[in-house]
Each structure stands twice: as structure tokens, then as C-alpha cells.
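Work through the exercises below with the model open. Each task is followed by a solution in steps.

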Amino acid sequence: MVGAGWEERSPPFDIVTPDLPLVPAAAPPFARPQPLDLTFEGFPAEGFEALARLRAEPHIGRYQKEKAVLDRAVTAPFKRYRDDLAVNWVLPNGLPFETERNVFSRILKNDFGRGGSHSHLWMSFYRRPRKRLTDVQLSHAIHADAFRWGLYIGDYAKGLFGPARRRLVEEPEVSLPILNALIDRGYRLSFAPHVTKPEGHPEFDTALDALPDGLDRAKGIWVMRRIDRAEVDRLGPMLVGAAIDAQEELWPLYRFLAVAASGEREGANGDPAFGSGM
């Protein structure tokens with residue numbers, strides 16, 4: 001895997017500073033039970049259908065009509081998926097992630113009483129003392145017609161986003177092969193420009209010769225891959241195994257961004273060097 005060389009040279013211990021969370025030392029291939037210990041059985045068709053109706057009518061009135069179905073066929077199985085990911089990935093690899101408290105988003109929008117609603121539900125584990133929205137996010141999301149895995153970091157991650165964005169831009173000899181390896185596997189790179197522009201978020205799904213213009217001013221950076229509903233249905237319980245595969249694919253980028261604020265750098269011989277944060 002392109003970019004894996006950087007990961008293999010990572011230090012064999014966790015990095016911590018007084019005000020920043022642990023940077024996991026684990027490296028792919030991740031340990032996982034054989035066979036996987038699963039309670040997740042898949043997402044019922046009625047869950048996707050309820051999300052589709054909510055996408056067509058994204059308002060609290062429709063949400064209230066669909067709430068029982070959403071609870072039964074989206075939220076409940078997603079929690080089993082979450083539990084299985086913790087049992088089969090987080091625990092076997094000793095990852096320092098919060099897996100229970102506030103790892104899920106809300107379908108209803110926090111839009112100051114206007115009554116808007118999302119038509120998807122997403123989750124991300126996070127590292128204390130951070131929260132889901134203030135850490136580097138390895139996200140999992142169900143939509144009306146797809147399931148999505150990805151990585152996001154943005155302005156809410158104070159103290160993490162600035163160093164991560166700077167490292168991404170200033171070390172293209174490392175970041176570009178990592179991004180291109182993900183793009184080659186079907187991921188898309190996108191970012192929010194510093195100033196809102198009519199063309200919206202730039203998106204890249206083919207190999208990059210250089211980092212995109214404006215990335216140094218981004219307010220948020222995404223790398224995402226979607227599988228369609230038919231593939232979700234085909235995988236059934238093994239969506240959890242596919243999720244662990246996705247975490248392995250995303251891990252070099254996750255580590256590359258997560259260590260940026262810790263002060264860690266590699267020495268000339270590939271050994272870790274440390275900044276004043278340690």
C-alpha cells in the first residue's frame with residue numbers, strides 16, 4: 001500500500017501531551033477475531049426507505065412520522081454495528097477510542113427551531129478528552145441509497161486542524177502518495193474553501209499530480225468512499241468486516257494527521273524525532 005512505509009516507521013508506543021489525546025500506535029494489518037464476533041445483521045429495507053422519504057421531505061414533520069421506523073431499522077442496527085466494531089477492531093488493537101458516549105450524530109438538525117432534518121445518520125469514535133466533533137473523525141454513515149466510510153478534520157478540531165492541514169500541505173512527498181493510494185481505492189478527496197464559492201466544495205476522484213490549490217486555506221477536509229445500497233445488502237453482517245478493511249485503508253492518513261499536533265516527526269534514518277510537545 002502506498003504510504004504504508006510511513007506507517008511502518010511509526011513508534012511502537014502511544015504519544016501523549018498534556019492537552020492533546022493519545023495518538024494510537026497500532027498499525028495495519030489490524031488484529032481481528034476469526035471469525036468475527038457479530039451481532040449486526042444488516043440494515044432492513046424499511047430503514048433505507050424511511051431515509052429516502054426523509055430525503056424527499058427533510059423536515060421535522062416527516063421525521064416524526066418516520067421516527068419509529070428509523071429507531072427500529074436505522075438506529076438500532078447501527079448501534080449493533082458500532083458494538084461489533086468496538087469488539088472486533090477497537091479492543092483487539094488497544095485503540096484509545098471512546099466507543100459509547102455521544103459517538104452518533106442526530107438526524108434532526110440543530111437549526112435554531114427551523115425544523116430541518118438530515119436524511120442520514122453517522123458515527124465516529126473519538127479520543128478523550130476530545131469529542132466526536134473536535135477530533136480527527138473516522139466516520140461511518142448510512143444514507144438513503146448508500147453507506148459511507150471516511151475521514152474528516154475541520155475547524156471544530158481546535159489545536160488539531162491547523163497543524164494537520166499545515167503538515168498535509170508542507171509534506172507533499174508523504175501526503176500525496178497517501179491520498180493517491182486512497183483515491184485509487186475509490187475514495188474522493190474534498191475540502192471546504194476558505195471563502196464560499198459558487199462551485200461549492202472541490203472534489204477529486206482521480207490521481208493527483210500535486211496537492212489542490214486552496215487546500216492550505218481549507219476550513220474542512222474530507223476523504224470519503226461510498227458503497228451503494230445493493231452492496232450494503234450483499235454484505236449484510238460482513239459490513240463490519242468491510243468497515244475494518246476501510247479503517248486499515250484510512251489509517252496511514254489518520255496517523256499522518258493525528259501526529260501533526262503532537263510534535264512527532266521522523267528522523268533522517270526513519271526513527272521518530274520529537275518536538276517540544278513531548
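**Exercise 1. Find what the span of helix H3 is, and compare it with that of a straight helix of 31 residues.**

Solution. This is a predicted model. Step one: take the straight case. At 1.5 Å a residue, a straight helix of 31 residues would span 45 Å. Step two: take the end C-alpha atoms of H3. They are only 35 Å apart. Step three: look for a bend. At Glu 66, H3 bends by about 60 degrees.

**Exercise 2. Classify the ring pair of Phe 40 and Tyr 81, and place both residues in the chain.**

Solution. Step one: count the aromatic pairs. There are 19. Step two: check the geometry. The ring centres of Phe 40 and Tyr 81 are 5.6 Å apart, and the planes stand at 75 degrees. Planes over 60 degrees apart count as edge-to-face, so this pair is edge-to-face. Step three: place the residues. Phe 40 is in the loop between strand S2 (20-23) and helix H2 (45-56), while Tyr 81 belongs to helix H3 (residues 60-90), so the pair ties together parts 41 residues apart in sequence. Step four: check burial. Phe 40 and Tyr 81 are both buried.

Now widen the view. Which residues do ring pairs link into a cluster with Phe 40 and Tyr 81? They are Phe 43, Phe 48, Phe 78, Phe 104, Phe 147 and Trp 149.

**Exercise 3. Decide whether the pair of Phe 191 and Phe 204 is stacked or edge-to-face, and whether each residue is buried or exposed.**

Solution. Step one: the ring centres lie 6.3 Å apart and the planes meet at 10 degrees, so the pair is stacked. Step two: Phe 191 sits in strand S6 (residues 188-192) and Phe 204 in strand S7 (residues 203-204). The two residues are 13 residues apart, and their pair links distant parts of the chain. Step three: Phe 191 has 2% relative accessibility, so it counts as buried. Phe 204 has 23%, so it counts as partly exposed.

**Exercise 4. Describe the surroundings of Ala 141.**

Solution. Step one: find Ala 141 in strand S4 (residues 137-142). Step two: read its accessibility. The value is 0%, so Ala 141 counts as buried. Step three: list contacts, leaving aside neighbours within four places in sequence. Ala 141 touches Phe 78, Leu 121, Trp 122, Ala 146, Phe 147 and Arg 148. Step four: follow one of these, Trp 122. Arg 132 lies over the face of Trp 122, 4.8 Å from the ring centre.

Methods. Residues numbered from 1 in each chain as written. Predicted model: local features only at pLDDT ≥ 70, side-chain atom pairs only at ≥ 80, totals over all residues. Heavy atoms only, no water. Phe/Tyr/Trp six-rings, centres within 6.5 Å; stacked < 30°, edge-to-face > 60°. Helix = DSSP H or I, 4+ residues; strand = E, 2+ residues; numbered from the N terminus. Buried < 20%, exposed > 50% of the residue type's maximum accessible area, 1.4 Å probe, protein only. Lys NZ or Arg CZ within 6 Å of the ring centre and 35° of its normal. Contact = heavy atoms within 4.5 Å. Expected span 1.5 Å × (residues − 1). Bend = angle between axes of the 7 residues up to and from the residue.
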